[in-house]
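Work through these short exercises with the sequence and the 3D view side by side. Try each task before reading its solution.

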Amino acid sequence: MKVYLLSFFILCPMAVLLAQTFSGDSILANERSIDRPITLHARQLRITGGYGLSIISKRFNTEGDAIKLRDEGLSSVRHRFNLDIKYGINDFIQFNAAIAQSSNVLRAQTRYIFPNEPEPVVMQDVLTEYSGLEDLFLGVDVRAPFKTRKIDLAVTLGVNLPLASFEPKQPEHSFEFSNEGGSAMNNFTYRYYYPLGKGITVAQVGGMVKYRTSKWAFSTRVDYQHGLKDGKSFEWQHQLNFNDEFEYRQDPFTYRLPDSYSYFAEIEYQPLPWFDIFLNVSGYMSSNGWTSSLEDLKIALPEQSVTMVSPGFEIIVTPKLWLRERINFSVAGKSYEAPFGFQTSVIYNFFPF
Amino acid sequence: MQKYIILLCLVCLQSLGLAQVQEQVSPTERKQQTIVTEPVTLYKGFFRAGLSTWYNVIDKIFLDSKKQSLPGNIWGSTFSFSLYGQYGISDRLMVEVAVPYVRDNIYQSMVYELPMDFNEQYVYPRKWKTQANGIGDVDLTLGYQLIQETVTRPALAAFVTASFPTGEKNVVDDDDDDPNTFHRPTGQGEIAINTVVRLRQIKYPFVYSISAAYKYRTESSKVVAIDQPEVKYRNGSLLDISGSFNFHVNDWIAFKNILDVMQIQKDKLNGEELGEKGWLLQYLPGISFQLKRLRFDQGVMIPIKGNNVAADPGYILIIQYTF
């Protein structure tokens with residue numbers, strides 16, 4: 001009898017677990033992109049890996065006019081890899097974690113400086129590299145328990161933890177004297193390295209709404225980000241010594257990250273159960289940031305904004321595996337780069353527990 | 001008793017024979033086969049038309065075996081597309097013609113600063129653009145299955161591609177006074193022969209292959225700099241080994257994975273070797289969508305390690321239709 005009871009208690013949870021796995025899979029099998037709730041189903045785990053290429057050949061100036069960067073020798077590309085993990089704690093609360101790594105090198109216009117004779121010509125190249133891990137984002141989304149499937153509403157709370165490096169690495173400048181064909185030249189190459197961490201904790205609060213019809217869905221999301229304290233960092237200063245070697249010193253400053261809003265609105269159309277097309281408008285606005293040297297003279301950072309339009313599509317490869325691609329066009333902004341880019345994401349869903 | 005034994009043996013043999021009958025696939029189904037299920041060469045009488053596009057920026061280079069930003073202030077992009085047609089002469093032999101169109105732009109920008117006196121300086125910014133725009137070198141390929149694939153035996157195929165110098169081979173002056181701006185060539189001016197041997201096995205839903213290739217390039221006479229006479233130039237030959245592993249994730253989508261390593265011999269200018277040998281290890285992840293006879297392939301060629309070669313990823317989009 002004990003054996004039967006024991007078997008019963010072992011088999012029952014197993015059967016329940018198996019049944020839950022299949023029920024989760026069947027939920028995904030019958031769910032189109034527009035049907036998805038804005039938070040995950042209970043115990044659903046979603047892993048998203050993505051790659052984005054941005055071609056930065058324009059920039060919006062303070063007046064909002066687009067400037068061609070290639071005319072100023074400042075065009076560049078940015079490669080960005082991101083990893084997002086979401087978990088549905090229940091049908092109304094989901095946990096988010098996100099991290100990304102990116103790299104971008106700016107090669108400034110080469111300068112030739114012709115001093116008075118007999119001083120040699122000075123050639124100067126400046127390379128500035130922005131690369132590394134970005135700060136870790138952790139967040140929770142809470143969905144309203146509406147009975148209707150037409151509308152979904154959620155609030156989002158999150159925090160960017162300053163886990164990534166934020167202090168610039170020591171530059172690696174080089175100097176070389178050349179004398180070719182009787183023309184002497186001092187060649188300077190300045191190499192600066194900046195990591196992508198923000199150095200302080202940034203809190204985030206926001207909201208999401210999704211409205212559906214049988215073949216269409218409309219979503220919007222707004223988030224507000226605020227740095228919880230002022231940060232401290234430094235800039236590297238350099239000097240060429242008598243041995244033609246560079247010496248460096250740190251020049252400290254304090255800073256406040258600007259408060260920022262990010263927004264997003266999307267229209268989705270689902271012509272086929274496995275194929276979804278969308279158009280989204282997203283943007284970013286920031287203000288109230290400053291930097292300050294030791295003399296406590298605060299210098300305001302310019303207000304920044306950018307608006308992007310991104311058409312794209314999603315293919316449900318299998319109920320668990322989705323592929324999402326979009327093209328990003330920068331259409332307006334102020335004091336911000338205006339990239340054109342591609343984003344590809346592979347999304348995997350399963351019910352691990 | 002002997003009669004029954006003989007009868008049983010005959011029935012068994014017949015059933016074995018029947019079991020060995022090949023799977024019957026209709027021509028329509030054959031035209032809808034994917035990169036995983038199709039044979040190495042095109043079936044007899046089939047015609048496939050395709051458009052292949054390539055985009056990359058010119059930003060990074062492998063030097064001293066490290067990925068580095070290009071020295072100076074050069075920025076550029078390459079966009080090329082190739083229209084091609086394939087025809088199956090027999091189930092083993094196919095022919096392909098590819099006509100490429102090349103469009104690259106390279107920009108360089110600099111500023112000259114000359115002091116006039118203690119309070120003033122003369123600042124003179126300059127920017128240059130060189131462009132290649134036109135038909136490239138046409139490729140003609142013959143592919144032959146030396147050994148046809150069976151369930152237990154892989155296919156062995158050979159492909160020979162001849163490239164003809166149909167693209168502009170010379171650097172051409174754009175008729176302005178600036179020697180830094182000119183039209184760059186869209187072709188190499190050479191005849192090149194690329195030979196590929198490929199071993200491939202399908203284990204549905206997977207397919208594996210390994211290839212070895214050698215590209216031999218002839219010497220050509222061309223102008224490589226403005227206002228300079230023609231020179232004899234020979235691009236370095238190319239040795240390439242690659243392996244691929246593709247698999248279906250559903251009936252009409254397959255993931256592609258190609259790992260490729262190549263070695264590039266030194267170029268020669270008027271018989272003298274130039275520069276250093278180059279090598280490159282690169283990886284191509286991609287996705288292939290098969291919508292009946294229409295196929296979309298997309299992928300990114302990612303340089304991983306190398307020396308004396310460009311280090312920027314290339315984006316590939318291919319559209320094909322089988323008639």
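**Exercise 1. A small sheet**

Which strands of chain A form an open sheet of 3 strands, and in what order?

*Solution.* Some ground rules come before the steps. This is a predicted model, where local features need pLDDT of at least 70, side-chain atom pairs count only at pLDDT 80 or more, and totals for chains, interfaces and linings use all residues. Residues are numbered from 1 along each chain as its sequence is written, while chains are lettered from A and ligands numbered from 1 in the order in which they are written.

Step 1. Know the terms. Strands (E, at least two residues) and helices (H or I, at least four) are DSSP runs, numbered from the N terminus. Two strands pair if DSSP finds at least two bridges between them.

Step 2. Read the order: S3-S2-S22 of chain A, with antiparallel pairing.

Step 3. Find the edges. Strand S3 (66-68) and strand S22 (336-337) of chain A each have a single partner strand, so one side of each lacks a neighbour in the sheet.

Step 4. Check one pairing. Strand S2 (residues 58-60) of chain A joins S22(A) over 2 bridges, in the antiparallel sense. Arg59(A) has Glu337(A) in S22(A) as its bridge partner.

**Exercise 2. Just before the edge strand**

Is Ser335(A) buried or exposed, or partly exposed?

*Solution.* Step 1. Locate Ser335(A): the loop between S21 and S22 of chain A.

Step 2. Apply the cut-offs. A residue is buried if 20 or more other C-beta atoms, placed from the backbone, lie within 10 Å of its own, exposed if 12 or fewer, and partly exposed in between. Ser335(A) has 17 other C-beta atoms within 10 Å, so it is partly exposed.

Step 3. Look at the backbone. Phi of Ser335(A) is positive, near 50°, and the residue is not a glycine.

Step 4. Try another case. Arg43(A) also is not a glycine, and its phi is positive, about 70°. Arg43(A) sits in the loop between helix H1 (2-29) and strand S1 (45-56) of chain A. It is partly exposed because 18 other C-beta atoms lie within 10 Å.

**Exercise 3. Where the chains meet**

How many residues does the contact take from chain A and from chain B?

*Solution.* Step 1. Define contact: the C-beta atoms of two residues, placed from the backbone, lie within 7 Å.

Step 2. Count. Chain A gives 24 residues and chain B gives 19 residues.

Step 3. Find the sources on chain A. Strand S5 (93-107), strand S6 (110-113), strand S7 (121-133) and strand S21 (321-334) each supply at least two residues of the side that touches chain B. The largest share, 4 residues, comes from S6(A).

Step 4. Follow S6(A) across. It pairs with strand S5 (residues 93-115) of chain B in the parallel sense, over 4 bridges. Thr110(A) stands opposite Met110(B) in S5(B).

**Exercise 4. How far to trust it**

What is the average pLDDT of chain A?

*Solution.* Step 1. Recall the scale: pLDDT is the predictor's confidence in each residue, from 0 to 100.

Step 2. Read the values. Chain A averages 89, and 93% of the residues score at least 70.

Step 3. Find the weak stretch. Over residues 1-22 of chain A the pLDDT is below 50, and this stretch has 2 contacts in the model beyond near neighbours in sequence.

Step 4. Draw the lesson. Where pLDDT is low, the predicted coordinates should not be read in detail.
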